[in-house]
Structures are given as structure tokens and as C-alpha cells.
Amino acid sequence: MDRLAAMETFVCVVETGSFSAAARRLNIGQPAVSKTIAQLEKRLAVSLLLRSTRGLTPTEAGLAFFERARRAIDEANEADNAARGSAGGLRGNLRISAAVTFGRLHVVPQLGAFLAQHPHLNIDLMLDDRNINLVEEGIDVALRMGPLSDSSLTARKIADCRRVVLGSPAYFARHGEPCCPTDLDQHQGIVYNLSGGATWTFTKGSEQQTQTLTGRLRVSAAEGLRAAVLADQGLAIASQWMFAPELASGAVRAVMDDWRLPDQDLWAVFPTGRMVSAKARAFVEYMENLLTHLN
């Protein structure tokens, strides 16, 4: 194994915290990872990792090697892209993370055109409503919505979308439509725990009202919220992104249009301490352009 490949393996072991997790990310066997690290330590004549029942941690020498190895890998990848130029296109693997519903509705349908532009590129798309650890999972770029709880993240806002109060026509036919925030007390709300909770501030001109959405059903995933609304079980507060097909078809309807809610922000988030790759930059620019036209 050449030096760059050995460095990549070591960096992956440190980032994931174990030989087995590194092997899964690299799509190779665990014995191959162990052998590579042993050969690297033998060549350098220094111990790079401390092994214990709690896992693997880098030694002082290992931490110094890790920082320089990671920088060397990033620079080598960027050098390859610069040498190939635009005619060579993007190559290798791009690992992307996104929330399940947003990814299903707005990322997956657009990947075909992006891959057609870059025939030597492969994409691993991880769909998860949780904010996963980008470094441990080897993610190049994550698409995250809402406020960012970790101020140390490297992030760039790429789009925003209006939040609305919405429900199915059948639900509104049975229970009527709310006209102002206080009317929500008379309705069954479906609360999405990961999107601001139940209390919201509505704005109409210079007037503001804070209202808590109440109901008997709380869900932890956007797909559950969608299913409940489409089953006529209540109304919800959600971004237009979450119900884009149904808003277009009339399967759900937004109400209280003269009251505004805080917009839903979309961020491109990159692993802290890593150079942003040309692949990640190209994908983010591609999605930013698509979402600008969508809005």
C-alpha cells in the first residue's frame, strides 16, 4: 500500500475510533486495516495509537501525524482536481448527509442530472433525521435545516423556505379553517419534535402573537408528520419543502396566509478542520441553484 493510502487508512481509523468502523467506511476487511496501521507504525518506528478496552486513541505522535496526514490528503485530492481541470470532471466518492424527507423529495430526484455531469463520480447519500457526526461518518457535506446548535461547524446558508400552517382538505372540511393564531386552540395539532417544537411566533405587519400548537400526537420524524397530515388526523406547522408535491397537487392546503412564521433555513455543513473538497463545493452550488429556482 502506498504512503497516501496508508495515511488515508490511519486518518479514517482516528476519525471513526476503531478498526472495524474504518473498515466499513473504506469497504475493506478489518484485518487489512490492522495490517496497514501495523506497517505504518513499523515504518515510522513510533506508536501511533493507544489500544484499550475503550477503543483507540492517538498518541501524541499519532495526533501530530493525523493532522499533517489529513492536510496532505486534502491537498493531494485538490491537486488532482486542479490538474484535471473542468474537462476532467469530478472523481471518486462524495458522501452526503440529509434529512430523510428533504432528501427523498428534493435531493434524490436531482442526483441523476448531477451524476450525468460528472460520470466519474460516485455518491453515498446518508438519509437520517438526526444530526450525525460528520467526521465519524466520513461525510463531505451535510444539508441541515433550522438553527445550527454547534457554533464550531463550518457552514453556509444556501436557501430558505416559508413555513406554513397546513392540513388536508378533508380535515378542514370537518373542523373548519383557523384564521388567526388563537384559533389553533380549537384544532388538533400534529407536533414535529425536531422542527421548533410546539410554540411559534406569528407575525402580521407590526403585530406578533405567540401560540402553542396543541394536540394528542407528537412525532419525531418528518415522514410521520406527513403521514398523519395526509391521513386527515390534524393540522401541522411545516416548511413548504416538506409538503411540496401535496401543496402543488392540492392534497394539502396552507391556511392563515396573512400570518408569517419564521422561515426554514437550509445550511451546507462541512466537517470542521477539513478542506472543503471541489466535489462538495460543486454539489452545494448545484443544490443552491436548484432551490433558488424552486422557491
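The dialogue below covers the domains, the two largest pockets and one helix of this predicted model.

Mentor: In this predicted model, local features need pLDDT of at least 70 and side-chain atom pairs count only at pLDDT 80 or more, while totals for chains, interfaces and linings use all residues. Residues are numbered from 1 along each chain as its sequence is written, and side-chain values use heavy atoms, with hydrogens and water left out.

Trainee: What makes the domains of the chain?

Mentor: Domain bounds come from an automatic or database domain assignment. That assignment gives domain 1 (3-83), domain 2 (89-161 + 265-292) and domain 3 (163-262). The centres of domain 1 and domain 3, taken over C-alpha atoms, are 48 Å apart.

Trainee: Why is the second largest pocket said to lie between domain 2 and domain 3?

Mentor: Both domains give residues to its lining, so the pocket lies between them. On a 1 Å grid over the protein atoms alone, a pocket is an open set of points where a 1.4 Å probe fits, with protein on both sides within 12 Å along at least five of seven lines; lining residues have an atom within 4 Å of a point. This one has 30 lining residues, with Ala99, Asp129, Asn131, Met145 and Leu194 nearest its centre. Its volume, the space filled by probe spheres set on the points, is about 560 Å³.

Trainee: What lines the largest pocket, of about 920 Å³?

Mentor: There are 32 lining residues, and Glu8, Asn77, Asn93, Asp140 and Lys279 are the closest to the centre. Helix α4 gives the largest share, seven residues. Domain 1 and domain 2 each contribute at least three.

Trainee: How are the lining residues of the largest pocket divided?

Mentor: Ala, Val, Leu, Ile, Met, Phe, Trp, Tyr, Cys and Pro count as nonpolar, Asp, Glu, Lys and Arg as charged, and the others, Gly among them, as polar. By that rule the lining has 12 nonpolar, seven polar and 13 charged residues.

Trainee: How do you know that the buried residues of α7 line one face?

Mentor: Helix α7 is residues 222-230, a DSSP run (H or I, at least four residues). Ala222, Leu225, Arg226, Ala228 and Val229 are buried there, with under 20% relative accessible area (1.4 Å probe, protein chains only). Seen down the axis, they fall within an arc of 165°, so they line one face of the helix. The arc is that of the directions from the helix axis to the C-beta atoms.

Trainee: What covers those buried residues?

Mentor: The cover includes α5, β7, β8, β11, β12 and α8.

Definitions and conventions:
Buried < 20%, exposed > 50% of the residue type's maximum accessible area, 1.4 Å probe, protein only. Helix = DSSP H or I, 4+ residues; strand = E, 2+ residues; numbered from the N terminus. Contact = heavy atoms within 4.5 Å.
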